[in-house]
Structure formats: C-alpha cells, structure tokens
Amino acid sequence: MTDLTSSLSEGPNRAGNIGRQTTRVSVRGLSVGYELRGADADFLAVADATFDIRCSEIVCIVGPSGCGKSTVLGAVAGLVPYRAGTIEVDGKPIRGTGSDRAVVFQKASLLPWLTVQENVAYGLRTYGVKKRAAIQRAAEMLELVGLAQFATRYPYQLSGGMQQRTNLARALAADPNILLFDEPFASLDAQQRELLQGELLRIWSNTDKAGLFITHQIDEAVLLGNRVIVSTRGPASRICNAVEIDLPWPRSRETRLNPKFHNYVDQIWQLLEPQEA
Ligand SMILES: Nc1ncnc2c1ncn2[C@@H]1O[C@H](COP(=O)(O)OP(=O)(O)OP(=O)(O)O)[C@@H](O)[C@H]1O
Ligand SMILES: [Mg+2]
C-alpha cells in the first residue's frame with residue numbers, strides 16, 4: 001500500500017494542473033435499469049450517461065431528486081449492475097467493487113462499539129493489513145482530517161461533523177484512487193458543512209485522486225467541482241449539461257467572493273429551473 005501522506009505531498013498539484021490530463025474514470029453510454037416486481041419491463045433510471053474524471057479532479061452531479069445521481073455513483077462503485085455502457089477506472093473495465101474506489105455516504109454509519117481510530121482501521125484489517133500497521137495508518141488519516149485528539153472516543157461522543165470527518169478518514173485510509181461522495185455533508189449544519197468543504201479542498205489540493213461528488217447544494221458543487229454535471233429529471237435521466245468551472249485553484253471560502261462564482265451558481269440554477277418547476 002502506498003503512503004497517502006507522502007503521496008499527498010509529492011503528488012500532482014491540483015492548482016498546478018500537473019497530471020490533469022490523465023483520465024482516471026471513464027463512463028461511456030451508461031444505462032441502468034432496475035427490476036420492478038410485477039412490471040413487464042425494467043425501470044430505466046439512467047440513460048446513456050457519458051463523462052470522464054481526470055486525475056486530481058472532482059466532478060459534481062446535481063439534479064432533481066430521483067434523477068439517478070446515486071444510481072450513477074453506485075454503478076461506478078460497482079454496487080449497482082448496469083445494463084449498457086462501459087465504466088473504466090485507470091483504463092480497465094471495473095468488475096464489481098474494488099479497493100481502488102471508496103464511497104462516502106451521507107450517513108457516517110460508524111461501528112458504535114469501536115473507537116474512532118478502530119473504525120478507521122477496521123476496513124484496512126478486512127483487506128489483511130496487520131493490526132499495528134492499520135492503527136498507524138488510521139492515526140495518520142485522523143491527523144489529516146483534524147481528529148487526532150479524538151482517536152480514542154466512541155462515535156456517540158462525536159458531533160455530526162466529527163463523525164463525517166471519521167467517515168472521510170476511513171474512506172481515505174485504503175488510499176483509493178477514486179472517492180465517490182453521495183451527499184456527504186447534507187445532514188450537517190451550514191458551519192460544519194463549510195468546515196468540511198474546506199478540509200476536502202485542502203486534502204484535494206495536492207493529490208492525483210479523482211472524485212465524484214453528488215450534492216443538492218449548487219454552491220457546494222461550484223466550490224468543489226472542476227465540472228458540474230446537470231442531470232435531467234427521470235425516468236431515463238440524461239446528462240443535459242456539463243459546466244466547466246473555471247475558478248482559480250486553490251479554492252477556499254474566499255472563492256465564494258469571486259463574482260464568477262455567483263455567475264456559475266446562477267447558470268446552473270437556470271439549467272435546473274425548468275425541471276424543478
Ligand atoms: N433498488 C431500486 N429498485 C427500483 N428502483 C430504484 C432503486 N433504486 C433507485 N430506484 C429508482 O431509480 C431512480 C433514481 O434513484 P436515485 O436514488 O439514483 O436518485 P437520486 O438522484 O440519487 O435521488 P436523491 O436526490 O433523492 O438522492 C428513482 O426513480 C428511484 O425510485
Ligand atoms: Mg441519491
């Protein structure tokens with residue numbers, strides 16, 4: 001296993017656009033249908049989705065509730081089977097789930113009987129990493145997300161934001177090339193959300209990982225994303241637009257003060273509005 005902290009310091013810099021041209025995730029013509037009991041045909045949730053995520057990029061997806069955002073993320077994670085299309089990670093077709101991809105869901109779902117550090121180490125243990133190495137790695141990840149002092153606490157002793165930091169540390173621990181975020185900050189209050197967005201931007205500022213980030217918050221998508229994909233209302237939801245977010249890196253809270261930031265938020269609102277009505 002490579003060391004994330006060293007790969008963070010030596011890896012391609014998002015701000016410098018180094019390595020940005022290498023495609024990490026390639027989704028082509030993805031269609032996903034769900035079997036519905038008693039129905040003659042599958043329910044087509046997503047039709048013909050095509051997009052790429054390059055090294056060190058975050059691509060955000062926004063769209064109306066039920067338009068298939070989690071379905072696309074689940075397919076890339078290898079959790080949801082797809083009917084047509086291809087999904088490649090680092091040039092190879094995916095076959096189910098893999099340690100090259102980690103998912104951060106809205107709910108932290110930590111194991112209540114384990115400490116914060118043990119929760120982060122747990123996934124590594126299931127990959128066969130020895131206990132001492134797993135604990136050491138967990139300590140590094142907790143340092144990275146600003147939770148080093150809380151390593152011996154139990155999940156019920158944490159705030160929602162701290163639980164979600166633990167969740168992020170757990171996802172980063174196995175050093176996946178791809179991180180898949182399904183509304184990870186949606187249940188946090190505005191202040192916690194801003195703090196976590198800042199943490200994510202800091203971690204991402206110097207990595208060659210690729211991120212897929214689903215959110216209902218358009219400003220969050222503009223702040224975090226290299227590109228924002230706008231999906232149409234389902235069924236058979238399609239990607240109707242992909243907006244390149246040409247805002248300077250590194251980004252931070254101050255990015256919100258850039259007039260271009262508000263133009264992008266408005267532009268994406270307008271793309272969504274006819275659907276939301
Ligand atoms: N297991 C399933 N079986 C049948 N239909 C499903 C299943 N999972 C999702 N769907 C349907 O697929 C469509 C897309 O669902 P999905 O959860 O991907 O939407 P979403 O965009 O993530 O919504 P939200 O913003 O509310 O999280 C919805 O119509 C949903 O009812
Ligand atoms: Mg969803």
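A salt bridge is taken here as a side-chain nitrogen of Lys or Arg within 4 Å of a carboxyl oxygen of Asp or Glu. The model is predicted, so that local features need pLDDT of at least 70 and side-chain atom pairs count only at pLDDT 80 or more, while totals for chains, interfaces and linings use all residues. Residues are numbered from 1 along each chain as its sequence is written, chains are lettered from A and ligands numbered from 1 in the order in which they are written, and side-chain values use heavy atoms, with hydrogens and water left out.

**Exercise 1. Salt bridges**

Task: find how many salt bridges the rule gives, and which residues are linked in a network.

Solution. Applying the rule gives 16 salt bridges. A network of them links Arg-54, Glu-57, Arg-227 and Glu-244.

**Exercise 2. Two pairs across the chain**

Task: for the salt bridge of Lys-209 and Asp-175, and then for that of Glu-194 and Arg-253, decide where each residue lies and whether it is buried, partly exposed or exposed.

Solution. Step one: the side chains of Lys-209 and Asp-175 meet at 2.6 Å, N to O. Lys-209 sits in the loop between α6 (190-204) and β8 (210-214), and Asp-175 in the loop between α5 (160-173) and β7 (178-182), 34 residues apart; helices (H or I, at least four residues) and strands (E, at least two) are DSSP runs, numbered from the N terminus. Buried means under 20% relative accessible area, exposed over 50%, and partly exposed in between (1.4 Å probe, protein chains only). Lys-209, at 3%, is therefore buried, and Asp-175, at 12%, is buried too.

Step two: Glu-194 and Arg-253 form a salt bridge at 2.9 Å, N to O. Because Glu-194 lies in helix α6 and Arg-253 in the loop between β10 (239-244) and α8 (259-276), the pair ties together parts that are 59 residues apart in sequence. Glu-194 is partly exposed at 28%, whereas Arg-253 is exposed at 58%.

**Exercise 3. The ligand shell**

Task: describe which side chains make polar contacts with ligand 1, and which element gives the largest share of its shell.

Solution. A polar contact is a pair of N or O atoms within 3.5 Å; within protein, one must be able to donate a hydrogen and the other to accept it, and residues adjacent in sequence count only if both atoms are side-chain atoms. Oxygen atoms of ligand 1 lie 2.6 Å from an N or O atom in the side chain of Ser-65, 2.9 Å from one in that of Ser-70, and 2.9 Å from a polar side-chain atom of His-216. The largest share of the shell, three residues, comes from α2.
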